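Subject: A structure for you to look at

Hello,

I am passing a structure on to you, since you have not worked with it before. Please open it first, and then read my notes underneath.

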Amino acid sequence: MVSLGAHGMRTRPLRAVLSALGIAIGIAAMVAVVSIPASSARALHDQLAALGTNLLTAAPGHTLTGDDAELPESAVAMARRIGPVTAVGSTGGVDATVRRTDKIAAEETSGLTVYATTPDLLGVLDGHLHSGTFLDAANSRFPTVVLGSVAATRLGIRDVPVGSRPQVWLGGRWFTVVGVLDAMPLAPEIERSALVGWAAAEKWLGFDGHPGTVYVRARESQVENVRGVLGSTLNPQQPNEVQVARPSDALAAQRLTESSYNALFLALGGVALLVGGVGVANTMVISVLERRREIGLRRALGATRRQVRGQFLAESVLLSLLGGAAGVLIGVGVTAGYALTKQWAVVLPPQALIGGVAVAAVIGAVAGAYPAMRAARLTPTEALS
């Protein structure tokens, strides 16, 4: 039966290819829709494993009257007293703008923020320098600044050459750029900021010394416990005015929303499969009409209804399997190409690959059932007349 079914496909190769194309598109869509989110999930897992899920952030919320709350100046020191806490850093909002030169209008801020920061912030956030150095106990007392990755790009400063450090106009005076940071997925606000030393901000920029955000690293096994006491530790008198968050949760939620369209694409793949199945059924019906004499001759030579039915059913299934195999290959190629452009590991769930071929076979059987039964019902005299 299989050889007879394959012969029917070989006699009409162009029609077979076009019919299989619809199946291939649907299977490719389904494979890609399953595999791309799997690759994304693996990338997220690897990214979180590298960045660490033990980072907590605390920021002031609102008072009972709806006004903006404020963290005490002692908040950072208090956070360090929590036993499982391993590192603490903080930033504080500064009412100043940063521009490339003093010739640029004050309202042209490029969406950048100025923060006062402590020298240990980089270690707490597990950040990395693109070039230059970070603020330390020595230079943080002087008008020096470190730029986040986005801030550096918008200001036109990509590197900090040794011996020729650029300057920016910050808060009405020149600040020397001593470093540029790499991207920080768990603290995107740092990427769009200019960081100055805590003492320098108080001396030249009118900073009041109150932390705006406190970043806390805790032991992995104690993260939830630290999260539970962090608010009351930072602000014992008004713990309800402290908002505590876990950036890794936000990153995971963001990636989840990015994959929320998977159901839509899966539905589109299903529509493509339906269209492909109709195409296969149409091809097989036409094939039965065109091959009436062949059917009649086979019946006259002794072929049973079951054998004729099996021949056309086998041809339909083979046609769909051809499309399914091609669709799996296309889906794998699309997944690999997309994952490589995102620098993800390529993940191909076996159930998607095996399921794609299995679904194609089922569609072929369903699509070929009616034409096969129609061919089997033809008597030799009807087929040869």
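Here are my notes on its salt bridges.

Please keep in mind that this is a predicted model. Side chains of opposite charge can pair when their charged atoms come close, and the count here comes to three salt bridges.

Let me start with R80 and D120, whose closest N and O atoms are 2.8 Å apart. This pair links distant parts of the chain, with the two positions 40 residues apart in numbering. R80 belongs to helix 3 (residues 75-80), while D120 sits in the loop between strand 4 (113-117) and helix 4 (121-124). R80 is partly exposed at 45% relative accessible area, and D120 is also partly exposed, at 29%.

Next, have a look at helix 8 (residues 223-234), which holds both R227 and E224. They are three residues apart, about one turn of the helix. Their salt bridge has its closest N and O atoms 3.8 Å apart. R227 counts as partly exposed, with 27% relative accessibility, and E224 is partly exposed as well, at 46%.

The remaining pair is R192 with E191, where the closest N and O atoms are 4.0 Å apart. Is E191 buried or exposed? Its relative accessible area is 12%, so E191 is buried, the cut-off being under 20%. Its partner R192, at 36% relative accessibility, counts as partly exposed.

I hope these notes help you find your way around.

Best wishes

Definitions and conventions
Residues numbered from 1 in each chain as written. Predicted model: local features only at pLDDT ≥ 70, side-chain atom pairs only at ≥ 80, totals over all residues. Heavy atoms only, no water. Salt bridge = Lys/Arg side-chain N within 4 Å of Asp/Glu carboxyl O. Helix = DSSP H or I, 4+ residues; strand = E, 2+ residues; numbered from the N terminus. Buried < 20%, exposed > 50% of the residue type's maximum accessible area, 1.4 Å probe, protein only.
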